[in-house]
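Reader: I'm new to reading protein structures. Could you walk me through this one, feature by feature?

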Amino acid sequence: MRCARLCTFLLILALSLSSCSHDEQPLRVAEQYGLAYAPVTIARELGFVEEALETLDHPVTLQWLRLGNTATIREAAVAGRVDAAFIGIPPFLISRAGGMDWKIAGGLNQSPLGLVTWREDLNNLSDFDSSDRIALPQPGSIQHILLAMASRRLTGDAAHFDRQLVTMNHPDGMQALLARREIAAHFTSPPYLFLELKEQGMKQVVSGRECFGGPFTFIVTVATKELAEKRPKVLAAFMDAVDRGMEYLRSNPEKSAALLAPIYQMNSDDVLDMLGSKGLDYSRDVVGIEEFVSFMKDTGYLPADFGSGGELFWATAVRDSDTGDGGGNR
């Protein structure tokens, strides 16, 4: 009898510990540097995520991981060291096709992207010859896929410029562009896009929107299956904190600029001007993913049987089909 009671007690204890164990694990969030991540930076600096996690039934600690690019984020997620991250749609799709079990939890922003050059003779993509080197973050990045879209439209070959590409992170790409020697052009995003275009003699050859053919989401929030299915309340709290960061930025642009300026090592007035730039919009909406999927399947970046639609989203996401036109703020 005592043995049976002991076994029952141990079973209840084990089940109790099991039910708590997932929520008591830390929430590990990978972030990157740039204006696209401004609401995340605000949420981090003002403690919005910690406040949201404190409302949960079980204590959840928070770990921020500063990782340099999508490749390192993907490696960390595969190793089980990341629960949520912020990346471009094409790298997300490629990693998903490669077996990653994460999905989109929501959009983060739409943003101006652009191919910038210092060369007077380069006014259109058709002016580039095979010796003109183009810097961008990495193969499979959103900049690469946008260039491939424009390339197929121009030449019929999505890979037309691939042999001219030079992999550089945004700061290195900007420095190489300003040096006016190693590369002819740099495909980049804010704040680097805005900083480059301020320099004398710099001009934009083509915009990301022109390459795509319309508006699109630049950065999405992705979450692992482990987080979304086993700790959905933690994911919901995190997404609410990011939403709060977006709302703070919209309601307090001057304070947001003052907070972000030292992080970006910029003047707060300059940051304020950039935050008000046309085309820079922070929202949980996700726009343009089906167009990316269709193009990337047609050109071999994704397998022909790659699934799309609802298979790519957790319940927290807002898709263009949910909003009618994919616009608006949430």
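Author: Let's go through a sheet, its helices and one residue inside it. This is a predicted model, where local features need pLDDT of at least 70 and side-chain atom pairs count only at pLDDT 80 or more, while totals for chains, interfaces and linings use all residues. Residues are numbered from 1 along each chain as its sequence is written, and side-chain values use heavy atoms, with hydrogens and water left out.

Reader: What is the order of the strands in the open sheet?

Author: In general, strands of a sheet pair through backbone hydrogen bonds, either parallel or antiparallel. Helices (H or I, at least four residues) and strands (E, at least two) are DSSP runs, numbered from the N terminus, and two strands pair if DSSP finds at least two bridges between them. Here six strands line up as E2-E1-E3-E10-E4-E11, with mixed pairing. Strand E2 (62-66) and strand E11 (281-282) stand at the edges with a single partner strand each, so one side of each has no neighbour in the sheet.

Reader: How many bridges does E4 make with E10, and how many with E11?

Author: E4 and E10 are antiparallel, with five bridges, and Gly106 sits opposite Thr221 in E10. Strand E4 (residues 103-110) is also antiparallel to E11, through two bridges; there, Asn109 is opposite Tyr282.

Reader: Is E4 mostly covered or uncovered?

Author: Buried means under 20% relative accessible area, exposed over 50%, and partly exposed in between (1.4 Å probe, protein chains only). For E4, eight of its eight residues are buried.

Reader: Which strands does helix H11 lie across?

Author: For angles, axes are lines fitted to C-alpha atoms, for helices over the stretch in contact, and the angles run from 0 to 180 degrees between N-to-C directions. Helix H11 (residues 232-251) lies across E1, E2, E3, E4, E10 and E11, at about 5° to E4.

Reader: Now a single residue: where is Val29 found, and what is it in contact with?

Author: Val29 is in strand E1 (residues 27-31). Contact means heavy atoms within 4.5 Å. Leaving aside neighbours within four places in sequence, Val29 touches residues including Leu62, Trp64 and Phe238. Val29 is buried, with a relative accessible area of 0%. Val29 and Asp83 are 54 residues apart in sequence, yet 6.0 Å apart in space, C-alpha to C-alpha.
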